[in-house]
Amino acid sequence: MSAAAQIGVTGLAVMGRNLARNFARNGYTVAVHNRTAARTRALVEEFGHEGEFVGTESAEDFVAALERPRRLVVMVKAGEPTDAVIREFAPLLEPGDMIVDGGNAHFADTRRRERELREQGIHFVGTGVSGGEEGALNGPSIMPGGSKESYEALGPMLEKISAKAADGSPCTAHIGPDGAGHFVKMVHNGIEYADMQLIAEAYQLLRDVAGYSPAEIADIFRTWNTGRLDSYLIDITAEVLAHVDAATGEPFVDVVQDQAEQKGTGRWTVQIALDLGVPVSGIAEAVFARSLSGHQDLRDASRGLAGPKAEPLGKAEAAAFADQVEQALYASKIVSYTQGFHEIAAGSDAYDWDIDLGRVASIWRGGCIIRAAFLDRIRAAYDARAELPSLLADESFAREIGEAQDDWRAVLVAATRQGVPAPGFAAALAYYDALRADRLPAALTQGQRDYFGAHTYRRTDREGSFHTLWGGDRSEVSA
Ligand code: NBP
């Protein structure tokens, strides 16, 4: 077999197959391989006309088909299958070769794999890929980690197959060493959860409080999509809401069971945020809202609990309320991204990744699920001040959120009065109010901790740690 392929893809389910086709359509010769060879044959038969594919059935043939240094993309189910593939291929590779894991791996696994393969001189490039099957085929957002050297060999190819932002720049860039790419992809998915939850809350408020039909709400979302909320998720929300079920003639959204599922990356984002001590309350509420929706028994047992029934507003009031919901949604979205970028900054510090936050915003502008006009603004904020401590410290975001806050509060008052849950909006506002507070009740918490556990506290008026003798004469001692 001649070593002619510039890149190889193993794992040819929906993502791998489409990524391989994307490379081929962009003029690269692609070696393809899958554990079950029938998938490889099917790909070459069905899409062979799209470009140059080298179909291979054994690991040896696959590796032999690649030019050196070898670039081997793994698109298999994350977890043990990825380790199985590495065990199979690593012994066949040579120093300088690259294994690119495009699956949704946990960044801690990526760090382990990178360390193990580095000993063999193999570059392990943990790479986040976002955009689903359509993105994999036509241009995803790609978040590669790993060594700088591997990016030099891979980057130009990734840049070619990636999505392009409106200004033409590729939606990929070297994120940072070892697990940085998968970490950023994880937070991307966490933000995606939060975005989806906020949109869902906006929908429910427009439906139950304003009294709009799904078709009318689709129109409202279409209008919002022409403004500052312009994004893929708002766009597809309008499509889903406008869809009518063929079997019943009912709005599609009314015939779908209201139990949201999840695959795990949102949960990871929250777990890791807890480890890093980063408050990502909006993302956490989104994960919890999905999990609550799935507890059907609990919901059935609680349906009769006391509380108001929402009473829809009149037409004129409804339109004004919809404008307020737009403000609340936008303000809450700013908070979600603030929290997500804080988590990336904290991960970057903890693992010495030196992640450029503006660049992350930049490569999310196209291809991925959270692509939005808004990301250009985030990029501009970090470009203006790379050390921005929080997105809320950016003048223009601070101004916008300040302008939105009256409506944001009004929406939450209406939601609370009418008994419509809006945990994402509420968590975002609580985060905003907590950050801007002069004093937090954390002082009282410290007092309680000192009382029962002698955990000590610091004072506002002088340096040092102190403990009050609560069980004695309540005098204060230096700790
Ligand atoms: P799946 O996650 O469904 O994985 C199926 C592939 O894994 C098949 O090629 C299968 O081979 C292979 N595989 C398995 Br399962 N166990 C294996 C093993 N022990 N050794 C070798 N190969 C094995 O595919 P997908 O939905 O295309 O996703 C691929 C990756 O991309 C996943 O990590 C996923 O999380 C990630 N991702 C998916 C999306 C999306 O929208 N679907 C988006 C972004 C990232 P077989 O054909 O022989 O069974």
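These exercises, with worked solutions, concern a predicted model.

**Exercise 1. Salt bridges and burial**

Task: Find the partner of glutamate 50 in a salt bridge, then place both residues and classify the arginine as buried or exposed.

Solution:
- Start with the pair. Glutamate 50 bridges to arginine 21, and the closest N and O atoms are 2.8 Å apart.
- Place the residues. Glutamate 50 sits in the loop between helix 2 (37-47) and strand 3 (53-55), while arginine 21 belongs to helix 1; the two are 29 residues apart, so the pair links distant parts of the chain.
- Classify the arginine. Its relative accessible area is 8%. Buried means under 20%, so arginine 21 is buried.

**Exercise 2. Two further pairs**

Task: Give the closest N and O distance for arginine 377 with glutamate 400 and for arginine 87 with glutamate 80. Then assign an accessibility class to each residue.

Solution:
- Arginine 377 and glutamate 400 form a salt bridge with closest N and O atoms 3.0 Å apart. This pair also links distant parts of the chain: arginine 377 lies in helix 17 and glutamate 400 in helix 18 (residues 395-418), 23 residues apart.
- Arginine 377 has a relative accessible area of 28%, so it is partly exposed. Glutamate 400 has 13%, so it is buried.
- In the salt bridge of arginine 87 with glutamate 80, the closest N and O atoms are 2.6 Å apart.
- Arginine 87 is at 53% relative accessibility and therefore counts as exposed. Glutamate 80 is at 47% and therefore counts as partly exposed.
- For context, the count comes to 33 salt bridges. Asp83, Asp101, Asp109, Arg112, Arg113 and Glu116 are linked in a network of them.

**Exercise 3. Backbone geometry**

Task: Locate the cis peptide bond between arginine 68 and proline 69, and place aspartate 352 and arginine 474, which have positive phi.

Solution:
- Recall the background. Most residues other than glycine have a negative phi, and most peptide bonds are trans.
- Take the cis bond. Omega is about -5 degrees between arginine 68 and proline 69. Proline 69 is in the loop between helix 3 (59-64) and strand 4 (71-74).
- Take aspartate 352. Its phi is near 60 degrees. It lies in the loop between helix 15 and helix 16. At 68% relative accessibility, aspartate 352 counts as exposed.
- Take arginine 474. Its phi is also near 60 degrees. The loop between strand 9 (465-468) and strand 10 (476-478) holds it.

**Exercise 4. Internal space**

Task: Describe the largest cavity and the second largest pocket by volume and lining.

Solution:
- The whole structure holds three cavities of 30 Å³ or more. The largest has about 60 Å³ of space.
- Its lining includes Leu19, Phe23, Val73 and Thr127. Helix 1 (14-25), strand 6 (123-130) and helix 7 (148-161) each supply at least two lining residues.
- The second largest pocket has about 510 Å³ of space. It is lined by 23 residues; Ala345, Ile355, Leu357, Ala386 and Glu387 lie nearest its centre.
- Helix 15 gives the largest share of that lining, seven residues.

**Exercise 5. A glycine in a helix**

Task: Classify glycine 282 as buried or exposed and list its contacts beyond four places in sequence.

Solution:
- Glycine 282 is in helix 13 (residues 281-294). At 10% relative accessibility, it counts as buried.
- Ala194 and Gln339 touch glycine 282, leaving out residues up to four places away in sequence.
- The C-alpha atoms of glycine 282 and alanine 427 are separated by 5.8 Å, although their positions lie 145 residues apart along the chain as a separation.

Key: Residues numbered from 1 in each chain as written. Predicted model: local features only at pLDDT ≥ 70, side-chain atom pairs only at ≥ 80, totals over all residues. Heavy atoms only, no water. Helix = DSSP H or I, 4+ residues; strand = E, 2+ residues; numbered from the N terminus. Buried < 20%, exposed > 50% of the residue type's maximum accessible area, 1.4 Å probe, protein only. Contact = heavy atoms within 4.5 Å. 1 Å grid on protein atoms, 1.4 Å probe; cavity = no way out; pocket = protein on both sides within 12 Å on 5 of 7 lines; lining within 4 Å. Points joined across faces, edges and corners; volume = space filled by probe spheres on them. Salt bridge = Lys/Arg side-chain N within 4 Å of Asp/Glu carboxyl O.
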